[in-house]
Amino acid sequence: MSTSAETAVEKFLTCLADGGLRVVDLTTKLSADTPTLRLPAPYANLIDFSLEGVSEFDDAGPLWRHNNIHTGEHIGTHLDAPRHWISNRDGADVSEVPVARLIGPAHVLDVSARVAEDPDFLLEIDDIRAWETEHGPLRDGGWLLVRSGWERYGHDREAFLNTTDGVSHTPGISAAAARWLAEEAPIAGYGVETVGIDAGNGFALDPPMPAHHHLLGADKYGITSLRNLGSLPPSGALVVVCPLPIVGGTGSPARVLAVVPGGDGDS
């Protein structure tokens, strides 16, 4: 490591220690109560998260407690890997995602006021360009994180999915904007507060579920069920996405952290 790189790391660590930088947890806590996607029949659903006790300071393990975990890949705050979608069915699995693409600048676009008026709000190219006009261009290897305000429903599965007559009404992104992010923007990934990276009614768009289709098809990634995006500035933060490196996996529950200027301690 060069002297300048060592100095940069030391400065980073010093800023963390003295409060010049603050770590914000963007992850939804994972439990049996975590809201998860529910696909209509005849489609199959993943299992919810659960713990199975194996030992608890007893004959099966007198000095320790440990559990088995049971979960689907796409549960809670999770990463979508390219091979998750048919547009890139032979693409990278979650263990093959380059680690350098799991850390980068965070671009936070706040549409919460508009979603409060219309839960079916779709992000458009003009919304992203307006953000760029104010805050600068999306950076290479960055993550576009959309703050919709939907995290406020995270304690209530029914409200979080917001389903009426078999249709989920949650915000997302238009097909045109998803294609633009995939083909024109230099980002590594796209993150949301909702249960998936597409709108609840994303199957009605062309192509169906366009964020999945275009972004994963372009070897970009999605991250869902984020929290605390309101604690991040529009630009100037660092995001770190940490999925499990599951060989053959189409996705994984993930811990997502942000490093932001100022403040005291962890959030």
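## Exercises on a predicted model

Cys242 has a relative accessible area of 40%, which makes this residue partly exposed. Keep in mind that the model is predicted.

### Exercise 1: the cysteines

Work out how exposed Cys15 is, then say how many disulfides turn up in a search of the whole structure.

Solution. Step one: take the relative accessibility of Cys15, which is 29%. Step two: hold that value against the cut-offs, where buried means under 20% and exposed means over 50%. Cys15 therefore counts as partly exposed. Step three: recall that a disulfide is a covalent bond between the sulfur atoms of two cysteines. Step four: run the search over the whole structure, and the count comes back as 0 disulfides.

### Exercise 2: the faces of H3

Sort out which residues of helix H3 are buried and which are exposed, then find what covers the buried ones.

Solution. Start with the helix itself, residues 125-135, where the buried set is Ile125, Asp127, Ile128, Trp131 and Glu132. Now look down the axis of H3: the buried residues fall within an arc of 165°, so they line one face of the helix. Flip to the other side of H3 and you meet Asp126, Thr133 and Glu134, which are exposed.

Next comes the cover. Among the elements lying over the buried residues of H3 are strands E5 (103-110), E6 (122-123) and E7 (143-147), along with helices H2 (112-117) and H5 (175-183). As a last step, walk off the end of the helix: just after H3, Gly136 has a positive phi of about 100°.

### Exercise 3: backbone oddities

Find where the cis peptide bonds before Pro42 and Pro207 sit, then place the positive phi values of Phe57 and Asp165.

Solution. A bit of background first: most residues other than glycine have a negative phi, and most peptide bonds are trans.

- Going from Ala41 to Pro42, omega is near 10° and the bond is cis. Pro42 belongs to the loop between strand E1 (21-25) and strand E2 (50-58).
- Between Asp206 and Pro207 the bond is cis as well, with omega about 0°. Pro207 belongs to the loop between strand E11 (189-191) and helix H6 (210-217).
- Phe57 isn't a glycine, yet its phi is positive, near 55°. Its place is in strand E2, and a relative accessible area of 46% makes Phe57 partly exposed.
- Asp165 also has a positive phi, near 50°. Asp165 is in the loop between strand E8 (163-164) and E9, and its 78% relative accessibility makes it exposed.

### Exercise 4: the cavities

Count the cavities of 30 Å³ or more, and describe the lining of the largest cavity and of the second largest.

Solution. There are 2 cavities of 30 Å³ or more. Take the largest, at about 70 Å³. Its lining is Val111, Phe121, Val146, Ser148, Pro171, Gly172, Tyr190, Val192, Glu193 and Thr194. Sort those by class and you get 6 nonpolar, 3 polar and 1 charged.

Now the second largest cavity, with about 40 Å³ of space. Thr28, Thr34, Pro35, Glu151, Gly154, Phe160, Glu193, Ser225 and Arg227 line the second largest cavity. Here the classes come out as 2 nonpolar, 4 polar and 3 charged. Did you spot Glu193? That residue appears in both linings.

### Exercise 5: the pockets

Describe the largest pocket by volume and lining, then do likewise for the second largest, volume and lining.

Solution. The largest pocket comes to about 820 Å³. Of the 34 residues lining it, Leu37, Arg38, Leu39, Phe203 and Met209 are nearest its centre. Strand E4 (78-80), helix H4 (157-161) and strand E9 (167-168) each put at least two residues into that lining. By class, the largest pocket's lining has 16 nonpolar, 15 polar and 3 charged residues.

On to the second largest pocket, which holds about 240 Å³. Its lining includes Asp25, Thr27, Lys29, Gly76 and Asn228. Strand E14 (residues 251-261) gives the most to this lining, with 3 residues. The classes here are 3 nonpolar, 5 polar and 4 charged. To finish, compare notes with the previous exercise: Thr28 and Arg227 line the second largest cavity, and both also line the second largest pocket.

Note on methods:
Residues are numbered from 1 along each chain as its sequence is written. This is a predicted model: local features need pLDDT of at least 70, side-chain atom pairs count only at pLDDT 80 or more; totals for chains, interfaces and linings use all residues. Side-chain values use heavy atoms; hydrogens and water are left out. Buried means under 20% relative accessible area, exposed over 50%, partly exposed in between (1.4 Å probe, protein chains only). Helices (H or I, at least four residues) and strands (E, at least two) are DSSP runs, numbered from the N terminus. The arc is that of the directions from the helix axis to the C-beta atoms. Contact means heavy atoms within 4.5 Å. On a 1 Å grid over the protein atoms alone, a cavity is a set of points where a 1.4 Å probe fits but cannot get out, and a pocket is an open set with protein on both sides within 12 Å along at least five of seven lines; lining residues have an atom within 4 Å of a point. Grid points are joined across faces, edges and corners, and a volume is the space filled by probe spheres set on the points. Ala, Val, Leu, Ile, Met, Phe, Trp, Tyr, Cys and Pro count as nonpolar, Asp, Glu, Lys and Arg as charged, and the others, Gly among them, as polar. A disulfide is a pair of cysteine sulfur atoms within 2.5 Å.
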